[in-house]
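Here is a short, friendly tour of one structure, moving from a sheet to a loop and then to a ligand. Please have the view open beside you as you read.

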Amino acid sequence: MKYVPTTLLTVYLDGRNRQKVGRLATQDRRILFEYDPAFLSGGLLLSPFQLPARAGTVIGDPAIFDGLFGVFNDSLPDGWGRLLLDRTVESLGIPRVSLTPLDRLAYVGQHGMGALSYEPDYSKTDVEAVPLKLDQLATEAATVLAGDQGAIVEKLLKLNGASAGARPKIVAQVSADKKKIVHGLAALPKGFAHWMIKFPSQLDEADVGPIEYAYSQMARAAGVEIPETHIFGANKKRYFGIKRFDRDGDRRIHMHSLSGLLHSDHRTPALDYDAFLKATQVLTKDVSQVERAYRLACFNVLAHNRDDHAKNFSYLLDDASGQWALSPAYDLIFSAGPNGEQSMMVMGEGRNPGIDQLRALGKKHSIKKAEDIIDEVRSAIARWKDFADAAKVTKKSAAMIASRIAPPPPPKPANAKKTPAQKSPAAKKPAAKKRAASNKPAAKKRARER
Ligand SMILES: Nc1ncnc2c1ncn2[C@@H]1O[C@H](COP(=O)(O)OP(=O)(O)OP(=O)(O)O)[C@@H](O)[C@H]1O
Ligand SMILES: [Mg+2]
């Protein structure tokens with residue numbers, strides 16, 4: 001790996017075609033961006049709220065993302081990927097603080113998530129297919145987390161593919177039968193697809209992989225759109241994998257996080273599901289996308305996925321039509337948010353949101369099927385034990401989660417009018433209080449190197 005300070009970067013969109021998007025430059029510690037006139041005339045907007053189509057130079061807001069526009073900040077790894085790059089450059093004698101966002105983007109190069117790429121490109125990847133041994137990688141990731149500085153850091157950096165998130169992970173190409181896992185091919189072999197595989201962090205329970213898999217199955221049963229998921233490995237060493245939605249075969253798809261879109265730092269939770277649904281409506285202009293966002297809100301709240309920060313929601317752009325859509329869901333797992341609260345509030349309630357706030361959210365956004373959606377989500381969650389058993393979640397974790405997630409809906413008496421109490425079961429359930437009282441993070445904790 002080499003280090004050359006970067007002051008000028010060219011940005012490309014590698015979608016259906018390769019298009020030059022524009023140039024990024026640093027000047028007096030500020031970050032400047034200028035769209036390429038040809039790209040502007042194509043009419044495609046990569047980040048419509050914060051980076052409008054405008055000729056000439058625009059300057060990033062130094063108060064957020066170190067002055068980088070959110071759409072480019074989305075290309076940067078945080079958490080685990082950032083740690084790997086920091087360790088690698090420090091092994092070359094370069095202090096991590098001297099790396100600017102443009103330096104970091106040059107290390108992303110062509111190997112980032114989504115469809116943006118950057119030149120000069122200092123990223124490294126293997127040209128030959130390298131078969132991966134997941135158990136070995138999980139052990140190596142654990143030694144890095146424990147402070148190891150050795151050559152494995154550079155190897156894991158290559159496998160990370162500039163993905164975001166706190167937990168160790170790799171991007172890889174996986175065969176249809178899931179038996180072959182390789183990294184580094186220029187072109188996807190026939191029958192393979194791009195996947196992401198996650199390993200436990202130091203703070204995770206050993207069965208975090210099976211728990212995330214069980215949650216993915218439960219979300220699917222609740223009607224949440226989620227990519228194909230799989231448990232890789234065997235016995236006690238099992239890892240959660242998810243097919244990537246920013247790749248269709250080898251075609252790259254532009255992806256933008258809610259955090260990047262709204263310039264909202266995911267480390268300081270400030271958003272409400274109200275803002276998420278509104279952003280979805282304005283960006284996609286499609287009520288069915290708002291309904292998908294609403295269903296995800298119901299799932300996260302009722303399944304106690306409280307790590308629902310602004311980077312855990314994304315949008316995808318069809319670069320042929322210019323149409324945006326909410327991406328399939330990801331990172332759905334039993335988790336605690338900051339101080340045990342929901343990271344994303346629901347109609348102002350962060351401490352312990354429930355059905356009442358979800359109903360109010362549905363009403364505000366005119367979600368016609370809100371009651372049906374709540375019911376569907378609740379009945380899937382009521383089957384948690386089945387999903388946990390099928391994924392071989394330990395009995396201890398399964399029982400702990402069962403005690404904290406929303407109970408099944410009370411049976412509705414035939415032809416009976418709803419009483420006010422029945423309309424808001426979560427508000428009167430002792431389980432809701434119990435949840436607030438014992439909000440210790442368990443399956444996924446939040447001390448992270450973000
Ligand atoms: N199926 C997918 N396809 C494409 N990108 C994905 C997919 N799943 C996750 N990602 C991207 O990878 C990032 C990290 O994934 P994920 O959120 O699951 O990891 P994590 O380490 O558990 O995150 P966190 O820090 O939120 O706990 C996401 O923010 C998203 O940008
Ligand atoms: Mg995440």
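This is a predicted model, and a good place to begin is an open sheet of 5 strands. Its strands follow the order β4-β3-β2-β1-β5, and the pairing is antiparallel. At the edges sit β4 (57-59) and β5 (116-119), each of which pairs on one side only. Direction ignored, neighbouring strands of this sheet are turned by 30° against each other on average.

The table gathers three of the pairings, with a facing pair of residues for each.

| Strand pair | Sense | Bridges | Residues that stand opposite each other |
|---|---|---|---|
| β1 and β2 | antiparallel | 7 bridges | V11 and G22 in β2 |
| β2 and β3 | antiparallel | 6 bridges | A25 and L32 in β3 |
| β3 and β4 | antiparallel | 3 bridges | E34 and T57 in β4 |

In residue terms, β1 spans residues 8-14 and β2 spans residues 18-27. Between β2 and β3 there are 2 residues, and the two strands form a hairpin. Within that turn, D28 has a positive phi of about 50°.

Strand β3 (residues 30-35) deserves a second look, since it has two faces: which of its residues are covered and which are uncovered? I31, F33 and Y35 make up the covered face, while R30, L32 and E34 make up the uncovered one. In a regular strand the side chains alternate between the two faces of the sheet. Two residues of the uncovered face, L32 and E34, also appear in the table: L32 is opposite A25, and E34 is opposite T57 in β4.

Next, a loop. N235 is found between β10 (229-234) and β11 (237-243). Is N235 buried or exposed? With 7 other C-beta atoms within 10 Å, N235 counts as exposed, because the cut-off for that class is 12 or fewer. N235 also has a partner from far along the chain to look for: K392 is 157 residues apart from N235 in sequence, yet their C-alpha atoms are 9.4 Å apart in space.

Finally, turn to the ligand. How many residues surround ligand 1? There are 19, and the closest are G165, A166, R167, Y330 and D331. Sorted by class, this shell has 8 nonpolar, 5 polar and 6 charged residues. Where does ligand 1 lie with respect to the domains? Both domain 2 (130-243) and domain 3 (248-405) give residues to the shell, so ligand 1 lies between them.

Methods. Residues are numbered from 1 along each chain as its sequence is written. Chains are lettered from A and ligands numbered from 1 in the order in which they are written. This is a predicted model: local features need pLDDT of at least 70, side-chain atom pairs count only at pLDDT 80 or more; totals for chains, interfaces and linings use all residues. A residue is near a molecule or strand if its C-beta atom, placed from the backbone, lies within 6 Å of it. Ala, Val, Leu, Ile, Met, Phe, Trp, Tyr, Cys and Pro count as nonpolar, Asp, Glu, Lys and Arg as charged, and the others, Gly among them, as polar. Domain bounds come from an automatic or database domain assignment. Two strands pair if DSSP finds at least two bridges between them. Helices (H or I, at least four residues) and strands (E, at least two) are DSSP runs, numbered from the N terminus. Axes are lines fitted to C-alpha atoms, for helices over the stretch in contact, and angles run from 0 to 180 degrees between N-to-C directions. A residue is buried if 20 or more other C-beta atoms lie within 10 Å of its own, exposed if 12 or fewer, and partly exposed in between; C-beta atoms are placed from the backbone.
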